[in-house]
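Let's take a friendly look inside a protein chain. Please have the sequence and the 3D view ready as you read.

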Amino acid sequence: MASELHQLRFDPPQSNASDESSAQDDRPLLNPDSDAVAVADDDSDDLHQKYAPFVRRDVYGTMGRGELPWMEKVLLAIALVTIVPIRVVIGMSLLFLYYMICRVCTFFHDPNRETDEQEDYAHMVGWRRSVIVCTGRFLSRAMLFVLGFYWISEVYRILPNEDKSTNENEGQEKSQESERPGAIISNHVSYLDILYHMSSSFPSFVAKRSVANIPLVGIISKCLGCVYVQRESKTSDSKGVSGVVSERIREAVKNSSAPMMMLFPEGTTTNGEFLLPFKTGAFLSRAPVLPLILRYPYQRFSLAWESITGGRHFLLLLCQFVNHMEVIRLPVYVPSPEEKNDLKLYANNVRRLMAKEGNMMLSDIGLAEKRVYLAALNVLVCPGMNFYDGGSYAPGYY
């Protein structure tokens, strides 16, 4: 592993393009009457090439509104009257069941409060926590099964180890350190990523503050130990979130029973073929991280949540009888002293490793460019319609 990581660890480029992109990512959605109109005037092929990480390439076309073959229409009609109602009923039943389990386990138990805005039940101990975690993982996998993920391919990638001459004591210390990552670092393709990570390791996420008030979902997010943030906030609250997340990561490193943090450092979703620049907020704790890569192979409908409304995406997801997911797990990445002193270097090296092992292309654009692309699509195809822009729930983390 050391030789592989040594090749990927490099001095960051002199250009500040990624910093500028990160700084621009927090600006509000663009007005279709300004920059979007200029972009929309470009040739369609040039537009899709320029914003390649966000382009849909499935049979349903851009925004899921392409002209479908008659056979595809027949399959959709059959699915709408057969498997879709069944999946909706079973899925809602699973959600309500887990909601009731969380309610019972948190009954007469005060939540942990790290700040005035942060409260969770992830720090409970004993049978309550065991029931919440075990049933949460099982029901999350059951939900994926209901949605058509009947099997999930998982690959544990082992990288070659260069330093064979390291003495035994140093090797033991490194092994013990590498066994305790504080955070999972993953690419972000779809809301389905959340369900997989819940079924796999049940980590804590960074989420919008409004999630805590959503019926059924709110109490579940608190049992996950979500760190809440006001979206697009540039106040001191963002710094408070950074402190809470970093402290959670350090706690997970020291205490194996503490939940790890699940972070999406790209700050938005892609079509799964690219990896965007990583924000450094996910690496502020300077702790080891566990890189993980998600893929969604498809033939008809792409599961990437890109340039398509949430309702339309979920409906087409339900209409597919079989959906596929591939997971590549990489070894724990322990930062070098140089990377601990240079978070940008740390983030770039993890990103390059994930791109190499996941066979993904690196892209220099980010959430700001994605908003331009979505606004241009609004002008070209659906004037006035707002698409999901991929998040940025917490600046520097999601």
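## Two unusual loop residues and the cores

Ser307 sits in the loop that runs between E9 and H12. The model you are looking at is predicted. The phi of Ser307 is positive, about 45°, although this residue is not a glycine. Why point that out? Because most residues other than glycine have a negative phi.

Leu216 has a positive phi too, about 70°, and is likewise not a glycine. You can find Leu216 in the loop between E5 and H10. Are these two residues buried or exposed, or somewhere in between? Ser307 is buried, at 1% relative accessible area, whereas Leu216 is partly exposed because its relative accessibility is 22% and the partly exposed class starts where buried, under 20%, ends.

| Residue | Loop | Phi | Relative accessible area |
|---|---|---|---|
| Leu216 | between E5 and H10 | about 70° | 22% |
| Ser307 | between E9 and H12 | about 45° | 1% |

Now for the cores. The largest nonpolar core has 60 residues, and Tyr98, Leu147, Phe149, Tyr196, Tyr296 and Met325 have the most contacts inside it. Several elements each supply at least two residues of this core, including strand E5 (204-208), helix H10 (217-224), strand E9 (289-295) and helix H12 (310-319). Helix H6 gives the most, with 8 residues.

Which residues does Leu147 touch, leaving aside its neighbours within four places in sequence? Among them are Arg87, Leu192, Leu195, Phe314 and Asn323. A second, separate core has 30 residues, and Val227, Leu263, Leu343 and Met360 belong to it.

Note on methods. Residues numbered from 1 in each chain as written. Predicted model: local features only at pLDDT ≥ 70, side-chain atom pairs only at ≥ 80, totals over all residues. Heavy atoms only, no water. Core = buried A, V, L, I, M, F, W, Y, C linked by side-chain atoms within 4.5 Å. Buried < 20%, exposed > 50% of the residue type's maximum accessible area, 1.4 Å probe, protein only. Helix = DSSP H or I, 4+ residues; strand = E, 2+ residues; numbered from the N terminus. Contact = heavy atoms within 4.5 Å.
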